[in-house]
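Here is a structure to explore together. Take a moment to turn it around on your screen before reading on.

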Amino acid sequence: MADTPQTFALQRIYLKDSSLESPASPMVFTKAWKPKFKVDLNTRSQHIAEKSHEVVLTVTLTAELDDEKVLLIEVQQAGLFAIEGIEGDNLKQVLGIACPNLLFPYAREAVDSLALKGGFPAVGLQPVNFEALFREAQKQAQAQAQTAPAASDAKH
């Protein structure tokens, strides 16, 4: 496999799922729009076929106004990527950093579009450092792996 040249190509970008909930409408439109936003990000990937991987970036935006949930948007932006000659930790990095970086602008646009269609102002999600998120997730997984054997050893 060492002779296989490394290739990474985006084959397709698509919206896998999206939803908008506006539980406080129409009353929310009578109030000043100064919500507290919470944004959750999640990525997952799966091997689809030889050299082909799907990566799904889920963006969940929640807006609260006066301690009441007034807007919930969830977008699953997906991409199909051709990846060859990249394995192990390098493949995990490509799937967890490079692919979400390519998908995020599309997810951001989808969130803004849904907000506008729901009668709200565009949200304008800030750029995301997927490398920092990936590294933090790795640290958490390592910490859990180190404490899990100790917990199971204590049971014996």
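What follows is a walk from the overall fold to two pockets and then to a single residue.

Keep in mind as you look that this is a predicted model. Start at the N terminus and follow the chain: its elements come in the order β-β-β-β-α-α, giving two helices and four strands in total. Now step back to take in the overall dimensions. Along the principal axes, the C-alpha atoms occupy a box of roughly 60 × 50 × 25 Å. The radius of gyration of the protein chain is 20 Å, whereas a compact globule of 156 residues would have one near 15 Å. Of these 156 residues, 33% count as buried. The chain exposes about 9,700 Å², and carbon and sulfur atoms supply 51% of that area. As for contacts with a separation of 6 or more, 70% of them join residues 24 or more positions apart.

Next, have a look at the pockets. The largest one has a volume of about 270 Å³. Which elements each supply at least two residues of its lining? They are strand E2 (36-49) and helix H2 (130-155), and H2 gives the most, with six residues. To find the place on your screen, look for the lining residues, among them Leu41, Asn42, Phe130, Leu133 and Glu136. By class, this lining holds five nonpolar, four polar and one charged residues.

The second largest pocket encloses about 160 Å³ of space. Its lining includes Arg44, Ser45, Val55, Leu91 and Lys92. E2 and helix H1 (88-117) are the elements that give two or more residues to this lining, with H1 giving the most, five residues. Sorted by class, there are four nonpolar, four polar and two charged residues around the second largest pocket. It is worth comparing the two linings on your screen: Thr43, Gly96 and Phe134 belong to the lining of the largest pocket, and Thr43, Gly96 and Phe134 also line the second largest pocket.

Finally, let us stop at one residue, Ser19, which sits in strand E1 (residues 7-21). Why does Ser19 count as partly exposed? Its relative accessible area is 32%, and that class covers values between the 20% limit for buried and the 50% limit for exposed. Beyond its neighbours within four places in sequence, Ser19 is in contact with Leu72, Ile73, Glu74 and Leu114. You can also trace from Ser19 to Phe37, 18 residues apart along the chain: their C-alpha atoms are separated by 17 Å.

How values were computed
Residues numbered from 1 in each chain as written. Predicted model: local features only at pLDDT ≥ 70, side-chain atom pairs only at ≥ 80, totals over all residues. Heavy atoms only, no water. 1 Å grid on protein atoms, 1.4 Å probe; cavity = no way out; pocket = protein on both sides within 12 Å on 5 of 7 lines; lining within 4 Å. Points joined across faces, edges and corners; volume = space filled by probe spheres on them. Nonpolar A, V, L, I, M, F, W, Y, C, P; charged D, E, K, R; others polar. Buried < 20%, exposed > 50% of the residue type's maximum accessible area, 1.4 Å probe, protein only. Contact = heavy atoms within 4.5 Å. Rg over C-alpha atoms; globule rule 2.2 N^0.38 Å. Areas by Shrake-Rupley, 256 points an atom, 1.4 Å probe, with all protein chains shown as cover.
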